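Subject: Structure for you to look at

Hi,

Here is the structure I promised to send over. Please open it alongside this message, and I will walk you through what turned up.

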Amino acid sequence: MSQLHIIDHPMIRHKLTIMRDRNTGSKDFRELLNEISLLMGYEVTRDLPLEDVEIETPLCRMTAQKVSGRKLAIVPILRAGLGMVDGLRTLVPVAKVGHIGLYRDENTHQPVVYYCKLPEDIGRRLVIITDPMLATGGSACDAIDMLKEKGCTNIRLMCLVAAPDGVERVMSAHPDVDIYVASVDDHLNSDAYIVPGLGDAGDRIFGTK
Ligand code: PRP
Ligand code: URA
């Protein structure tokens with residue numbers, strides 16, 4: 001059974017409050033998303049395996065530890081997921097980055113695929129999907145399906161704000177995928193927007209409205 005991890009550290013809550021505010025402009029919104037992504041990254045990567053390495057400090061030899069095992073890939077769902085990549089990459093600079101392009105049809109709210117470019121060895125990597133918004137869960141479920149078709153068996157989903165509907169849908173369709181969010185909000189409105197939410201994440205990141 002997958003787990004829902006709510007990462008509600010005070011600094012994340014504080015930054016998310018500023019992001020939610022309609023008066024926060026695109027530049028601040030982007031910077032805050034970047035900062036929160038780095039902070040959430042600590043929890044998403046908390047259980048990465050370590051291996052012993054022998055090193056020499058200026059004083060003596062010692063056995064220390066480095067991250068080992070399965071390598072990582074970050075896969076943003078375009079567009080808004082791009083806003084979470086740099087924060088994670090600050091934490092794991094060697095991570096490869098794949099891209100899945102999906103948009104929600106305005107009327108049906110169904111996701112439509114328009115792009116997919118993934119690292120060749122994606123099936124052997126731990127994959128962290130990024131998307132600030134988990135609303136109906138349709139986009140996340142389609143992205144996970146696409147990754148599983150490419151052989152991925154170790155997938156995590158990292159979002160900023162989720163609706164209960166989206167969490168339930170991903171958990172029941174993909175019980176092997178853990179979900180990491182900063183907040184589970186109250187509900188979806190009739191346009192399938194998260195309430196209270198923060199509006200259209202893509203538009204606020206890229207200043208398109
Ligand atoms: C938003 C968001 C998610 C999706 C969430 O993207 O970034 O990908 O909607 O909704 P769902 O859970 O109901 O599928 P959008 O379709 O607005 O595209 P954009 O990022 O290009 O603006
Ligand atoms: N996509 C967004 O950007 N915001 C929502 O609230 C729902 C979907």
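First, a definition that will help with the salt bridges: a residue counts as buried under 20% relative accessible area, as exposed over 50%, and as partly exposed in between. Please also keep in mind that this is a predicted model.

**Salt bridges**

How many salt bridges does the structure hold? The count is 12. As general background, side chains of opposite charge can pair when their charged atoms come close.

Three of these residues, Glu54, Glu56 and Arg61, are linked in a network of salt bridges. Glu54 pairs with Arg61, with 3.7 Å between their closest N and O atoms. Arg61 also meets the side chain of Glu56, at 3.4 Å from N to O.

Where do these residues fall on the scale above? Glu54 has a relative accessible area of 49%, so it is partly exposed, because the exposed class only begins over 50%. Arg61, at 51%, counts as exposed, and Glu56 is exposed too, with 60% relative accessibility.

Another salt bridge to look up joins the side chains of Arg13 and Asp8, with an N to O distance of 3.3 Å. Asp8 is partly exposed, its relative accessible area being 38%.

**Ligand 2**

Now for the part you may want to zoom in on. Which residues surround ligand 2? They are Arg104, Met133, Ala135, Ala192, Tyr193, Ile194, Gly199, Asp200 and Ala201. By type, this shell divides into six nonpolar residues, one polar and two charged.

Several members of the shell come up again when you look at polar atoms of the backbone:

- Ile194 has a polar backbone atom 2.8 Å from an oxygen atom of ligand 2.
- Gly199 places a backbone N or O atom 2.8 Å from a nitrogen atom of ligand 2.
- Ala201 has a polar backbone atom 2.9 Å from an oxygen atom of ligand 2.

How much of ligand 2 does the protein cover? On its own, ligand 2 has 240 Å² of accessible area, and the protein covers 88% of that. The space that ligand 2 takes up is also the largest pocket.

If you would like a place to begin in the viewer, you could start at Gly199 and its backbone contact with the ligand 2 nitrogen, then go over to Arg61 and its two partners, Glu54 and Glu56.

Happy to go through any of this with you.

Best wishes

Terms used
Residues are numbered from 1 along each chain as its sequence is written. Chains are lettered from A and ligands numbered from 1 in the order in which they are written. This is a predicted model: local features need pLDDT of at least 70, side-chain atom pairs count only at pLDDT 80 or more; totals for chains, interfaces and linings use all residues. Side-chain values use heavy atoms; hydrogens and water are left out. A residue is near a molecule or strand if one of its heavy atoms lies within 4 Å of it. A polar contact is a pair of N or O atoms within 3.5 Å; within protein, one must be able to donate a hydrogen and the other to accept it, and residues adjacent in sequence count only if both atoms are side-chain atoms. Accessible areas come from the Shrake-Rupley method with a 1.4 Å probe; for residues, only the protein chains shown count as cover. On a 1 Å grid over the protein atoms alone, a cavity is a set of points where a 1.4 Å probe fits but cannot get out, and a pocket is an open set with protein on both sides within 12 Å along at least five of seven lines; lining residues have an atom within 4 Å of a point. A molecule sits in a cavity or pocket if more than half of its atoms lie within 2 Å of its grid points. Ala, Val, Leu, Ile, Met, Phe, Trp, Tyr, Cys and Pro count as nonpolar, Asp, Glu, Lys and Arg as charged, and the others, Gly among them, as polar. A salt bridge is a side-chain nitrogen of Lys or Arg within 4 Å of a carboxyl oxygen of Asp or Glu. Buried means under 20% relative accessible area, exposed over 50%, partly exposed in between (1.4 Å probe, protein chains only).
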